Amino acid sequence: MSLACTEENRLCIISLLKICYYFAFANPTVYKKPLGWQLCRAPTDCLTFYHTGQWDAGLCQLDGGRSGRLYLRELEAAEGYMLDGQYKTVYVRPGETTTVEWENTPIMGQIQVYKYAAEYNAVTGTPAGTPLPGAVYEIIHARSGKVLDYITTDARGVAASKPLPLDRYKVVEVKAPAYWQVDATVHDVTLEYANQIIKLSSYDKAAALGVTMTKRGNAEVLAGQTSRYDITVANTSNVPLENFYWHDKIPYDTA
């Protein structure tokens, strides 16, 4: 007899003989962690203890058929989840499948980034050590490489992630504030306990702005002739050059 449990955190008691527990986690290895359950006739009269170590493809045998009103309690939660030790009442009927919804609350933490000026910026006049708003960071799940969140520093230079499950993450700056360079540092961090807040300090160097222009063409031109000029623009700064223009006045009133 087989059963496909498709709901998140679902416990299925099958025909009084089999039990199936299924976790739908972002991390598929979590369900392999120890889980413990206790089946009782009454809260003070427990029958059997079940453990994931007995499981085969999500199923394990119960010790004999039992029916009627039973009580189920979680003794061990999956890694990264809070234990729910409350008893749940289960009504089991011979030959039928009884499903119990069991929700475990993930243990969460947070990542905060504090962005500062690494040096004086001659363009903006910002002193070294000033908090910088407008820096954008990616928070990446280290194992899967999936981007879980984008955070942007506020007026205080602080960016905070949404609550994150306990796991390993990489934090990378993807956009710097105007007139600053992107910091290429990859911050590798691990959330290890409930309500942990990891605070990261990050520093951006000032952008060095510079443009060179070269103009080549006719040294002189006579009336009725065509004059051609080739203009080359080179970005000598250490940041991308966007949305620029130049003004060129060609002499026309010389004899």
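## Nonpolar surface patch

A nonpolar patch is made of residues with over 30% relative accessible area and no salt bridge, their nonpolar side chains being joined within 5 Å. In this predicted model, one such patch on the surface is formed by Val 211, Met 213, Tyr 229, Ile 231, Leu 241, Phe 244, Trp 246 and Ile 250. Together these residues have about 690 Å² of accessible area.

Two elements give two or more residues to the nonpolar patch, namely strand 17 (211-217) and strand 18 (229-235). Another member, Leu 241, lies in the segment after strand 18. Leu 241 has a relative accessibility of 31% and therefore counts as partly exposed; because patch residues need over 30% relative accessible area, this value satisfies the cut-off.

## Confidence of the model

The average pLDDT of the protein is 76, and 70% of the residues score at least 70. Residues 1-34 have a pLDDT below 50, although the model gives this stretch 105 contacts beyond near neighbours in sequence. The pLDDT is also below 50 over residues 52-64, a stretch with 35 contacts beyond near neighbours in sequence.

## Overall architecture

The secondary structure consists of 18 strands and 0 helices. The protein has 255 residues, of which 36% count as buried. When contacts between residues at least 6 apart in sequence are considered, 55% of them join residues at least 24 apart.

The accessible surface of the protein amounts to about 15600 Å². Carbon and sulfur atoms account for 50% of this surface.

## Salt bridges

The whole structure contains 6 salt bridges. In one of them, Lys 115 pairs with Glu 173, and the closest N and O atoms are 3.0 Å apart. This pair links distant parts of the chain: Lys 115 belongs to strand 9 (residues 108-117) and Glu 173 to strand 14 (residues 168-175), with the two positions 58 residues apart in numbering. Lys 115 and Glu 173 are both buried.

Asp 230 and Arg 228 form another salt bridge, with 3.1 Å between the closest N and O atoms. Asp 230 is partly exposed, with a relative accessible area of 40%, whereas Arg 228 is exposed at 58%. Elsewhere, salt bridges that share partners join Lys 115, Glu 173 and Asp 204 into one network.

A further salt bridge brings together the side chains of Asp 154 and Arg 156, at an N to O distance of 3.2 Å. Asp 154 has 29% relative accessibility, so this residue counts as partly exposed. Arg 156, with a relative accessible area of 57%, is exposed; the cut-off for that class is over 50%.

## Surroundings of His 187

His 187 is located in strand 15 (residues 186-190). Its relative accessibility is 14%, and His 187 therefore counts as buried, the limit for that class being under 20% relative accessible area.

Apart from neighbours within four places in sequence, His 187 is in contact with two runs of residues. Tyr 169, Lys 170 and Val 171 form one of these runs, and Leu 200, Ser 201 and Ser 202 form the other.

Technical notes:
Residues are numbered from 1 along each chain as its sequence is written. This is a predicted model: local features need pLDDT of at least 70, side-chain atom pairs count only at pLDDT 80 or more; totals for chains, interfaces and linings use all residues. Side-chain values use heavy atoms; hydrogens and water are left out. pLDDT is the predictor's confidence in each residue, from 0 to 100. Contact means heavy atoms within 4.5 Å. A salt bridge is a side-chain nitrogen of Lys or Arg within 4 Å of a carboxyl oxygen of Asp or Glu. Helices (H or I, at least four residues) and strands (E, at least two) are DSSP runs, numbered from the N terminus. Buried means under 20% relative accessible area, exposed over 50%, partly exposed in between (1.4 Å probe, protein chains only). Patches are made of residues with over 30% relative accessible area and no salt bridge: like charges are joined within 9 Å, nonpolar side chains (Val, Leu, Ile, Met, Phe, Trp, Tyr) within 5 Å. Accessible areas come from the Shrake-Rupley method with a 1.4 Å probe; for residues, only the protein chains shown count as cover.
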